[in-house]
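Me: I should like to examine how the terms applied to a model are justified. Please take the ligand and the pockets in turn.

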Amino acid sequence: MPMQPWFPDAKLGVFIHYGIYAVAGAAESWSFYTGEMTHEQYMKQLDGFTASRYDPDAWAELFARVGAKYAVLTSRHHDGVALWDTDHRNLDVLRNTPASRDLVAGFVDALRARGLKVGLYYSHSDWNHPDYASERHPGPHIVPPNGYSHAEPGKEDPQAWARYLAYRDGQVRELVERFHPDVLWFDGEWERTEEQWRMRDLADLIHKGSPDTILNGRMLSYGDYATPEQGAPLQAPEGPWELCLTINDSWSFRPQDRDFKSVRQLVRYFTETIGMGGNLLLGAGPREDGTIPEEQIERLEGLGAWIARHSDAVYGTVAGLPPGHHYGPSTLSADRRTLYLVCFDAPRESVSVRGLRNSVRRATVLGTGTELGHHVTGGLDAVPGVTWIDAPEAADLDDEATVLAIELDGELDLYRGAGRN
Ligand code: GLC
């Protein structure tokens, strides 16, 4: 499946973990797996899941306002509770919770109305399904999490596994046929092999119903892009990629988790990611009623405001300089003629670019437009000198990160060698 061009251009997405786990503020699905609560306590949350203030238009308005181009919603997490009207097993929020409506349908419509791309998260694994054997073995405290299968993964009764796959395929077919998602964001693949999951058949099923749907890396060899999670990569993964990252330490709504990243830290993550050609998929965990907590909104808005001030350095760009040329991330315009240098700290005297073969036509501070002086020192034969850009004045510095726009005399041309004797 060829990558859709909108994806590497999107830069920012929002990853919504919304489900019954928000009722108790428990970890999504994991809380009954790790023993944070019993399976019974976990499932009791069904009764408290109201979605009483669920307003997907307000979500979409927020996502668009902060500069996100797509969002991904947990249509079904490892707990097996579907947010849409599913005919397969019927463990959904329509039949089993006071929310009693299809939350995916509203999400899809609201995003599309604002021109945002629609991503649906779906877990291959379902720790709540009687035919699904999970890795967790009976222990002194938790006896097996779902109370069902005691088999080891891959060693269950083949008929049970066939039933399980029919259930998963049936649900995925529903998502594909009803919603034609732009992204299907799979998860929970780690308990089985690609063959056991029948990934090829699943990919065929999806593309038959929705040829343009792109798949994340947790479809294993059928994935269209890499999905590093939480840890920022130091080298760009091969091909298109997306870093998924929480705003605090949790994907789901956990009021006791106060470990929020600051807006400055989010700007760093974001620029480092797009500077290596990736997208940032930033997590948000709504409360059970569907409202997104203020602390998360503030940080999304802070990042969004920075993006709005620097949109030329974000959209329509590709990965910038490899490490070593500039001390910070950078991006490059699609025509490869303008470099955007990100400076997190206040530069002293000058900002240098090493190994630049081009001459600089013009250097400005992005956003304020102030022009900066520049000159080159050194260099010999094929080895270019150092390009020095005058440091901006304090008034031109951005609170989170200042961006210098460097217009080149042609397409970026870099020297990558070891110098000259
Ligand atoms: C992990 C977790 C899951 C979370 C996901 C997001 O795979 O199992 O809870 O939804 O990461 O990337």
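Reply: The following exchange sets values against definitions.
This is a predicted model in which local features need pLDDT of at least 70 and side-chain atom pairs count only at pLDDT 80 or more, whereas totals for chains, interfaces and linings use all residues. Residues are numbered from 1 along each chain as its sequence is written, and side-chain values use heavy atoms, with hydrogens and water left out.

Me: What makes the approach of Glu 28 to the ligand a polar contact?
Reply: A polar contact with the ligand is a pair of N or O atoms within 3.5 Å. An N or O atom in the Glu 28 side chain is 2.6 Å from a ligand oxygen, so the pair qualifies. Asp 187 has a polar side-chain atom 2.9 Å from a ligand oxygen, and for Arg 218 the distance is 3.4 Å.

Me: How do you know how much of the ligand the protein buries?
Reply: Accessible areas come from the Shrake-Rupley method with a 1.4 Å probe. Taken alone, the ligand exposes 310 Å², and the protein buries 94% of that.

Me: Why is the largest pocket said to lie between domain 1 and domain 2?
Reply: Domain bounds come from an automatic or database domain assignment. Domain 1 (12-309) and domain 2 (317-408) both give residues to the lining, so the largest pocket lies between them. Its volume is about 480 Å³, the space filled by probe spheres set on grid points joined across faces, edges and corners.

Me: What makes a space a pocket, and a residue part of its lining?
Reply: On a 1 Å grid over the protein atoms alone, a pocket is an open set of points where a 1.4 Å probe fits, with protein on both sides within 12 Å along at least five of seven lines; lining residues have an atom within 4 Å of a point. The largest pocket has 22 such residues, including Glu 272 and Met 276.

Key. Polar contact = N/O pair within 3.5 Å; in protein donor to acceptor, adjacent residues only side chain to side chain.
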